[in-house]
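Here is a protein with a ligand. The questions below ask how each label is earned.

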Amino acid sequence: MRISVTDRCNLRCRYCMPEEGLEWLPREEILSFEEIARIAGVFHDRGVAKIRFTGGEPTARRDLPRLVAMIRERCPEASLHMTTNALLLGGQAEALAAAGLKGLNISLDSLDPVTFARITRRDRFADTWAGIEAAWERGFRPLKLNCVVLRGLNDDEAPAFVELTRDRAIDVRFLEYMPYGALNELQPEYVSGDETRERIEAAGFRLEPVDWDGGPARSWRVPGFQGTVGLITAVSHHFCGSCDRLRLTADGFFVNCLYGEKRCDLKPLLRGGGSDEEIAEAIQLELDRKWEAHPDLTAGAIPVLGTMSQIGG
Ligand code: SAM
C-alpha cells in the first residue's frame, strides 16, 4: 500500500511536475495523521503487509516521524518504507528510524550536480547526496536508488550508477519514463529498459539474473558486487498482471492503479461517521473495478487527472 502524505514537493522533476502553475491541495482536503492511520489500519487488518510513504515529497510533511510511529503502532505486522528524494533526509533519518521506518527508495537521477539540477530544476545535489549517506549510515535496508533514464540528459550515466552497487548493498533501479497526466506525451527523452541494459553491458558489466522479489523490477547482479541492478519497464513491458499496489492519495482517494481514476473518496466516510467496515467495502468496490491492464503506454497519452506527484508516483 502506498500512502501519499502530501502533494507538495521541494523539487520540480521535469518528468513529474510542471515548472510552475501547479496548485496545491487545500489544507482541509489533506488527510490528518489520525485519518491516514485509520485507513492504514483497515488495510492492515485485511492483510496488507507493506506500507510505503510517498508524496509529493513525504519528508516535506511536518512531523512525519510521528505519523510513522502511529502507523507502526496501529499496523504492527506491516513493514514500513518510504520513497523520497532524500533532500531533507540528513536531518530526519534518525527520527524516522526510531519511529520504525525500515527501508528507503531514494530517487536520484544523476550523479552530476549540473545534470541533477537540469532534471530536478533545483540545485540541490549536495543535500540529496548527504541524505543518501545518512540513510546508508543509519542502516535503512533495503536501500534502493531509483533513476528515471532520460535520453540526452542522464542515459550515459547508467554504468556509473551500476558502479555504486560494487561495495555497498544498494539496489539501483532504472525506470522508464512514463507518460502521465499533464506531462502526457511520450517525450523524446524516453529510453527503453532494454536499451539501458545494453548500455550497461557494453560498458563491460556482466549481469546475472537474481530471483524476482514480487516487485515491479526485474533485477540482476554483477558477479561479486554487493548490490543489485533493476529495470522497471512500465512502458515497454508492463507488469500489470503481477502488480499488487494499492494507492491512497493525500486527499483521501483510494486509487486502484497508477493510471486509475480518483473516484473513490474515503473522506465522506472518514468524516461522516462511517465504520471501518464501510470503508473496507468502498475500497473493495473500487478494487473490483480494477482493469486487467492499463492501456498501451507506447502510444503516449492516456488521459489521467493531475500529475505523478499528486498520486504518489
Ligand atoms: N518525492 C518522492 C521521490 O522523489 O521519490 C516521492 C514521490 S515521486 C512522484 C515517486 C517516484 O515517481 C520517483 O522515483 C519518481 O522518479 C517517479 N516518477 C515520477 N514521474 C515519473 C514518470 N513520468 N515516469 C517514471 N517515473 C516517474
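**Labels and their cut-offs**

Q: What makes the ligand's approach to Ser 107 a polar contact?
A: An oxygen atom of the ligand is 2.5 Å from an N or O atom in the Ser 107 side chain. A polar contact is a pair of N or O atoms within 3.5 Å; within protein, one must be able to donate a hydrogen and the other to accept it, and residues adjacent in sequence count only if both atoms are side-chain atoms. The Ser 107 pair, at 2.5 Å, is therefore a polar contact.

Q: How much of the ligand does the protein cover?
A: The protein covers 94% of the 550 Å² of accessible area that the ligand has on its own. Accessible areas come from the Shrake-Rupley method with a 1.4 Å probe; for residues, only the protein chains shown count as cover.

Q: What are the ground rules here?
A: This is a predicted model: local features need pLDDT of at least 70, side-chain atom pairs count only at pLDDT 80 or more, and totals for chains, interfaces and linings use all residues. Residues are numbered from 1 along each chain as its sequence is written, and side-chain values use heavy atoms, with hydrogens and water left out.

Q: Which other side chain has an N or O atom by a nitrogen atom of the ligand, and at what distance?
A: That of Glu 57, at 3.0 Å.

Q: Why is Cys 75 in no disulfide?
A: A disulfide is a pair of cysteine sulfur atoms within 2.5 Å. The closest cysteine sulfur to that of Cys 75 is in Cys 264, 18 Å away, so it is too far for a bond. By this rule the count comes to zero disulfides. Cys 9 is in none either; the nearest sulfur, that of Cys 13, is 6.3 Å away.

Q: Is Cys 9 called buried or exposed, and why?
A: Buried means under 20% relative accessible area, exposed over 50%, partly exposed in between (1.4 Å probe, protein chains only). Cys 9 has 18%, so Cys 9 is buried. Cys 75, at 0%, is buried too.

Q: What makes Ala 299 exposed?
A: Its relative accessibility is 66%, so Ala 299 counts as exposed. Ala 299 is found in the loop between H9 (276-288) and H10 (308-311). Helices (H or I, at least four residues) and strands (E, at least two) are DSSP runs, numbered from the N terminus.

Q: How do you know that the buried residues of H3 line one face?
A: Buried in H3 (residues 89-99) are Leu 89, Gln 92, Ala 93, Leu 96, Ala 97 and Ala 99. They fall within an arc of 145° seen down the axis, so they line one face of the helix. The arc is that of the directions from the helix axis to the C-beta atoms.
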